[in-house]
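Work through the exercises below with the sequence and the model open. Each task is followed by a solution in steps.

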Amino acid sequence: METKWKWLALVGVLAAGPAVAGGWHGYASLGAGVTLDHFSDWRAKGPTLQAWLGVETPPGLSLGAVFETTQTWGQQFAQAQNPSQLSRVQLDYTAVGIEARLRFLGDKPVTPWLGARLAKSWAKPFTPNSLGQLRREDFDVTSMAFRVGLDGWFGDHWGVSVATALQFCDLKFTKDADTDNSACAKPLQSITAGPVLRF
């Protein structure tokens, strides 16, 4: 019987979740995962790393600085100069910017949130043009992303964050071999997970 009451007490503590003091909070998170190219024929994928540091107001709206870096590899193409030599498409970028997040159920052990970021991205994609020539290019662009996440808290301060995002125009590529006209690559999806700190 005593064991039964101990289990009931433990369930009650978990259900109550961590106590969250009112007022302002700081948040820091570090996530690692994968970036996927679902929307183009390149089918690139590879590792990604993201860090975020922000300040949250009592209603649950936060604003912070975000850093992201990704390196992906995709479909193989034959080199125009040497068709027997195959090379893979590479889509990579590094972004630094600001991200706003709106958190829901801030006093619960699991808190969902929505995020939107605006950033400056530096990319050096290796992609084929309209003639099939693989080219390494260098771009400096303004990019954006929309993110959905879920934070699970082990206590008042530490937890685990899982998020997914659609990244828009973090990199460009030149489509036409005869011109310098460039276009944004198709949106990339990132999936990350890692520790989050509330202070």
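Two strands pair if DSSP finds at least two bridges between them. Helices (H or I, at least four residues) and strands (E, at least two) are DSSP runs, numbered from the N terminus. The model is predicted: local features need pLDDT of at least 70, side-chain atom pairs count only at pLDDT 80 or more, and totals for chains, interfaces and linings use all residues. Residues are numbered from 1 along each chain as its sequence is written, and side-chain values use heavy atoms, with hydrogens and water left out.

**Exercise 1. Pairing of β1, β2 and β3**

Task: State how β2 is joined to β1 and to β3, and give a residue pair for each.

Solution.
- Step 1. β1 and β2 run antiparallel and are joined by 12 bridges. Glycine 33 has threonine 48 in β2 as its bridge partner.
- Step 2. β2 and β3 (residues 61-78) also run antiparallel, with 10 bridges. Here leucine 49 stands opposite threonine 69 of β3.
- Step 3. The hairpin of β2 and β3 has four residues between the strands, and in it glycine 60 takes a positive phi near 100°.

**Exercise 2. Positive phi outside glycine**

Task: Decide for arginine 43 and for cysteine 169 whether the residue is buried or exposed, and place each in its loop.

Solution.
- Step 1. Most residues other than glycine have a negative phi. Arginine 43 has a positive phi near 50°, and cysteine 169 has one of about 60°.
- Step 2. Arginine 43 is in the loop between β1 (25-36) and β2 (45-56). Cysteine 169 is in the loop between β9 (158-168) and β10 (172-174).
- Step 3. Buried means under 20% relative accessible area, exposed over 50%, and partly exposed in between (1.4 Å probe, protein chains only). Arginine 43, at 51%, is exposed; cysteine 169, at 16%, is buried.

**Exercise 3. Serine 40**

Task: Find the polar partners of the side chain of serine 40.

Solution.
- Step 1. Serine 40 is in the loop between β1 and β2 and is buried, at 11% relative accessibility.
- Step 2. A polar contact is a pair of N or O atoms within 3.5 Å; within protein, one must be able to donate a hydrogen and the other to accept it, and residues adjacent in sequence count only if both atoms are side-chain atoms.
- Step 3. The side chain of serine 40 makes such a contact with the side chain of aspartate 37, at 2.4 Å. A polar atom of the serine 40 side chain also lies 3.2 Å from the backbone nitrogen of tryptophan 42.

**Exercise 4. Surroundings of alanine 163**

Task: Which residues does alanine 163 touch, not counting residues up to four places away in sequence?

Solution.
- Step 1. Alanine 163 belongs to strand β9 and is buried, with a relative accessible area of 8%.
- Step 2. With contact meaning heavy atoms within 4.5 Å, alanine 163 touches Trp113, Arg147, Val148, Gly149, Ser190, Ile191 and Thr192.
- Step 3. Alanine 163 and arginine 147 are 16 residues apart in sequence, and their C-alpha atoms are 6.8 Å apart.
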